Amino acid sequence: VEGKRLQDFLARLHEHPKITQTVTDLEQLKTRLNIPQQYLEGLFFPDTYTFAAGTTDIELLKQSYQLMQKHLQTAWQTRTSEVNLKTPYEALILASIVEKETSKASERARIAGVFLSRLNKGMRLQTDPTVIYGLGDEFDGNLKRKHLRQDNPYNTYVRHGLPPSPIALVSQAALAAVMQPEITGDLYFVSKQDGSHYFSKTYREHTQAVR
């Protein structure tokens, strides 16, 4: 499922009675698939996979990894001039954040536009999903102010730029949103608590929206 983490994907594989288990740890997975990136999160494509009984986990993971590389490279070729990112991997990182920020298809490109605009202005991304990812098992479902001040590589409230890796499995739709963003001048957004967001161009307007 898009938006889930690699550990969730691996857990589903290991629970399946018709899949032969061969992968014991992430380093082994990285070596066997010859993955150059330091982190494995986000490098596998979330999809429905059909397989024969007895298929090994590494076979499915290889298929998923190659599918993500294909989708990422194809999407990268469609990027617009507003996409101020240096590499496809940076686009994948941002797409994972967009994936976690909204479940509404109509908002993805606009949210991508907000983040790209903030990066272009040298502003911090200040996005909760990266903080939650950085907390790992410490996160109990309740994000607190102290967490936003707690420094780690994924805390985009205290660090500039993108986090060091994606934070979730990324859909084609989130990739497309980042490559073809909706740039509106918005720099802020806040949840309306109904699955949608209120977007603002100024901090003053954003503060009023938060209230």
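In this predicted model, the side chain of Lys-100 reaches the backbone oxygen of Gly-3 at 3.1 Å. The points below start from that lysine and then turn to the hairpin formed by strand 1 and strand 2, to the surroundings of Asp-186, which lies in the loop between helix 8 (172-179) and strand 1, to the aromatic pairs, of which the structure holds 6, and to a residue with positive phi in the loop between helix 2 (26-32) and helix 3 (57-76), namely Asn-34.

**Lys-100 and its surroundings**

- Lys-100 belongs to helix 4, which covers residues 88-101, and its relative accessibility of 41% places Lys-100 in the partly exposed class, because that class covers the range between under 20% for buried and over 50% for exposed.
- When residues up to four places away in sequence are not counted, Lys-100 touches Gly-3, Pro-129, Ile-167 and Ala-168, and Gly-3 is also the residue whose backbone oxygen the lysine side chain reaches.
- Phe-51 stands 49 residues from Lys-100 along the chain, and the C-alpha atoms of these two residues are separated by 28 Å.

**The hairpin of strand 1 and strand 2**

- Strand 1 (188-191) and strand 2 (197-200) run antiparallel and are joined by 4 bridges, and the hairpin that they form has 5 residues between the strands.
- Phe-189 has Phe-199 in strand 2 as its bridge partner, and these two phenylalanines, together with Phe-115, form one aromatic cluster.
- Gln-193 lies in the loop between the two strands, where its phi is near 70°, a positive value in a residue other than glycine.
- With a relative accessibility of 71%, Gln-193 counts as exposed, since the cut-off for that class is over 50%.

**Asp-186 and its polar contacts**

- Asp-186, which is found in the loop between helix 8 and strand 1, has a relative accessibility of 2% and therefore counts as buried, the limit being under 20%.
- Its side chain makes a polar contact of 2.8 Å with the side chain of Arg-110, while a second polar contact, of 3.4 Å, joins the side chains of Asp-186 and Lys-201.
- Leaving aside neighbours within four places in sequence, the residues in contact with Asp-186 are Arg-110, Val-114, Ser-117, Phe-199, Ser-200 and Lys-201; Phe-199, included here, is also the bridge partner of Phe-189.

**Aromatic rings**

- Among the 6 aromatic pairs in the structure, the one made by Phe-9 and Tyr-49 has ring centres 6.5 Å apart and planes at 15°, so the pair is stacked, given that stacking requires planes under 30 degrees apart.
- This pair links distant parts of the chain, as Phe-9 is in helix 1 (residues 6-15) and Tyr-49 is in the loop between helix 2 and helix 3, with their positions 40 residues apart in the numbering, and both residues are buried.
- Elsewhere, the charged end of Arg-79 sits over the ring of Trp-76, at 3.8 Å from the centre of that ring.

**Asn-34, a further positive phi**

- Asn-34 is not a glycine, yet its phi is positive, at about 55°, and the loop between helix 2 (26-32) and helix 3 (57-76) is where this asparagine is found.
- The relative accessible area of Asn-34 is 65%, and the residue is classed as exposed because this value is over 50%.

Methods
Residues numbered from 1 in each chain as written. Predicted model: local features only at pLDDT ≥ 70, side-chain atom pairs only at ≥ 80, totals over all residues. Heavy atoms only, no water. Buried < 20%, exposed > 50% of the residue type's maximum accessible area, 1.4 Å probe, protein only. Contact = heavy atoms within 4.5 Å. Polar contact = N/O pair within 3.5 Å; in protein donor to acceptor, adjacent residues only side chain to side chain. Phe/Tyr/Trp six-rings, centres within 6.5 Å; stacked < 30°, edge-to-face > 60°. Lys NZ or Arg CZ within 6 Å of the ring centre and 35° of its normal. Pairing = 2+ DSSP bridges.
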